[in-house]
Amino acid sequence: MAIGSGLGAQIGIAPEVTYGTYVAPTKFVEFTKEGLQLKKVTAQSQGIAANRLLALAARRVVTQRSGAGTLEMEVTNKAMGLLLQSLMGTSVTPVQQAATAAYLQTHILADTVGKSLTIQKGMPLTTGTVTRKNFLGCKVISAEFSCEVGGMLTVSFEIDSKDCEETSVLAVAVYPTMAPFHFAQMSLKTGTYASEVPRSGIRKVSVKIERPQNTERYYASANGTKAEPIANDLVKISGSLEGDYVDTILDDLHTSDATTSLIWDFTGPLIAATHFERFTVNLPAIKIDDAPPTVEGYDVIKPTMAFTGLYDGTNQPSIEYMSTDITL
């Protein structure tokens, strides 16, 4: 029996072969908070019958079903591949580094069609019995990564789902030994693409990647569920850099509206040879939107520079993930 509280909860995920068709979870991730819920649209018959004062319960129908919510977690050195692939779109096979236990995943921005997941969440009753909800056809709509002084690298995924069912059995959760990436491992570089240099004074970084999609593709002969969402707008990348005002480099970029490349990196322990656990966000072109530094009192000036990620015409944004995961 599980602990009869959130301490006994679990999240399992698996890549789907066909959008919205259940696949038993094969990967289990540690999470800090989730908000996945079944969404339903109902219609109530309004027929008039002599002397009936209240609508009939038997004539309320469910006309549409879907699911949605968030999944929040720390970014760890294992088990992140499936979610990163669903966010970025490229079909990724981890590449072994020489003959070592290190495997590199390179998630390059691409269309996310065909990249859906089954996400199963287990929720314990107070008795310790774990109930399950299986969210089918899960698409990552956005992800926001963030890390600040003294903290972990965290991410919040926004999920859209085709449906939710409760019949498939609860999978047994098995977790690999894993560790989170954190502030002491963080570095930030900007500059000319492929020649970026470290920036000093950075205290907090956040990056959000949004994948706009038409999530309202409801058609006849589909039992009130949707077809796979399709991209219907440009990808949106945004973020912010918070730090002390140690130099004018970022401020000058705001003034000139010049383009700079950004590399946000977390380098963990050595796996083997020259290969370290690593999580790296590569944005080949960003523009600083706001805000220029202001003096707000006696303390050190601490500007927050918001930015937009754009396409440099050649190099796509990517996330590199080095771990010992042989498969996603």
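Okay, so let's start with helix α1, residues 81-88, which is mostly covered: eight of its eight residues are buried. This is a predicted model, by the way, so everything I say today is about a prediction. The buried residues in α1 are Gly-81, Leu-82, Leu-83, Leu-84, Gln-85, Ser-86, Leu-87 and Met-88. Right after α1 comes Gly-89, and its phi is positive, near 105°.

Now let's zoom out for a second. How many helices and strands does the protein chain have? It has two helices and 21 strands. There are 328 residues in the chain, and 45% of them count as buried. If you draw a box along the principal axes around the C-alpha atoms, you get roughly 80 × 50 × 40 Å. And here's one about contacts: take those between residues at least 6 apart in sequence, and 70% of them join residues at least 24 apart.

On to the strands, and I'd like you to find β5, residues 60-74, on the screen. Strand β3, residues 33-34, pairs with β5 in the antiparallel sense, over two bridges. In that pairing, Lys-33 has Glu-72 of β5 as its bridge partner. Then there's strand β4, residues 37-44, which also runs antiparallel to β5, with eight bridges joining them. If you want a spot to look at there, Val-41 stands opposite Gln-64 in β5. Next, β5 is joined to strand β10, residues 154-161, by eight bridges, and that pair is antiparallel too. Remember Glu-72, the partner of Lys-33? Glu-72 has a bridge partner in β10 as well, and that one is Ser-156.

There's another run of strands I like, further along the chain. Strand β12, residues 186-191, and strand β18, residues 260-272, run antiparallel and are joined by six bridges. Ser-187 stands opposite Asp-265 of β18 there. Then β18 goes on to pair with strand β19, residues 275-290, antiparallel again, through nine bridges. Ala-272 stands opposite His-275 in β19. The hairpin of β18 and β19 has two residues between the strands, and Ala-273 takes a positive phi in this hairpin, near 55°.

Okay, the inside. In soluble globular proteins, nonpolar side chains tend to be buried together. In our model, the largest nonpolar core has 54 residues. Which residues have the most contacts inside that core? They are Phe-145, Leu-153, Phe-157, Val-207, Trp-264, Phe-279 and Ile-319. Strand β9, residues 130-148, gives the largest share of the core, six residues.

Let's pick Leu-153 and look at what's around it. Skipping its neighbours within four places in sequence, Leu-153 is in contact with residues including Glu-74, Val-75, Phe-145, Cys-147, Trp-264 and Phe-279. So click on Leu-153 and you'll also find Ser-146, Phe-181, His-182 and Phe-266 among its contacts.

Cysteines next. How many disulfides does the structure hold? Zero. Take Cys-138: the nearest cysteine sulfur is that of Cys-164, and it's 8.9 Å away. The cut-off for a disulfide is 2.5 Å between the sulfur atoms, so Cys-138 is not in one. Is Cys-138 buried or exposed? Buried means under 20% relative accessible area, and Cys-138 has 1%, so it counts as buried. Cys-147, which we met as a contact of Leu-153, is buried too, at 1% relative accessibility.

What about empty space? There is one cavity of 30 Å³ or more. The largest cavity holds about 150 Å³ of space. Its lining has 15 residues, and Ile-202, Asp-244, Asp-247, Leu-250 and Pro-303 lie nearest its centre. β17, 236-243, and α2, 249-256, each supply at least two lining residues. Of the elements, β17 gives the most, with three residues.

Last stop, Leu-170. Where is Leu-170? It's in the loop between β11, 163-165, and β12. Leu-170 has a relative accessible area of 27%, which is why it counts as partly exposed. Arg-132 is 38 residues away from Leu-170 along the chain, and yet their C-alpha atoms are separated by 6.0 Å. Not counting residues up to four places away in sequence, Leu-170 touches Gln-10, Gln-120, Gly-122, Val-130 and Arg-132.

Okay, that's my tour, thanks for listening!

Technical notes
Residues are numbered from 1 along each chain as its sequence is written. Side-chain values use heavy atoms; hydrogens and water are left out. A nonpolar core is a set of buried Ala, Val, Leu, Ile, Met, Phe, Trp, Tyr and Cys residues joined through side-chain atoms within 4.5 Å. Buried means under 20% relative accessible area, exposed over 50%, partly exposed in between (1.4 Å probe, protein chains only). Helices (H or I, at least four residues) and strands (E, at least two) are DSSP runs, numbered from the N terminus. Contact means heavy atoms within 4.5 Å. Two strands pair if DSSP finds at least two bridges between them. On a 1 Å grid over the protein atoms alone, a cavity is a set of points where a 1.4 Å probe fits but cannot get out, and a pocket is an open set with protein on both sides within 12 Å along at least five of seven lines; lining residues have an atom within 4 Å of a point. Grid points are joined across faces, edges and corners, and a volume is the space filled by probe spheres set on the points.
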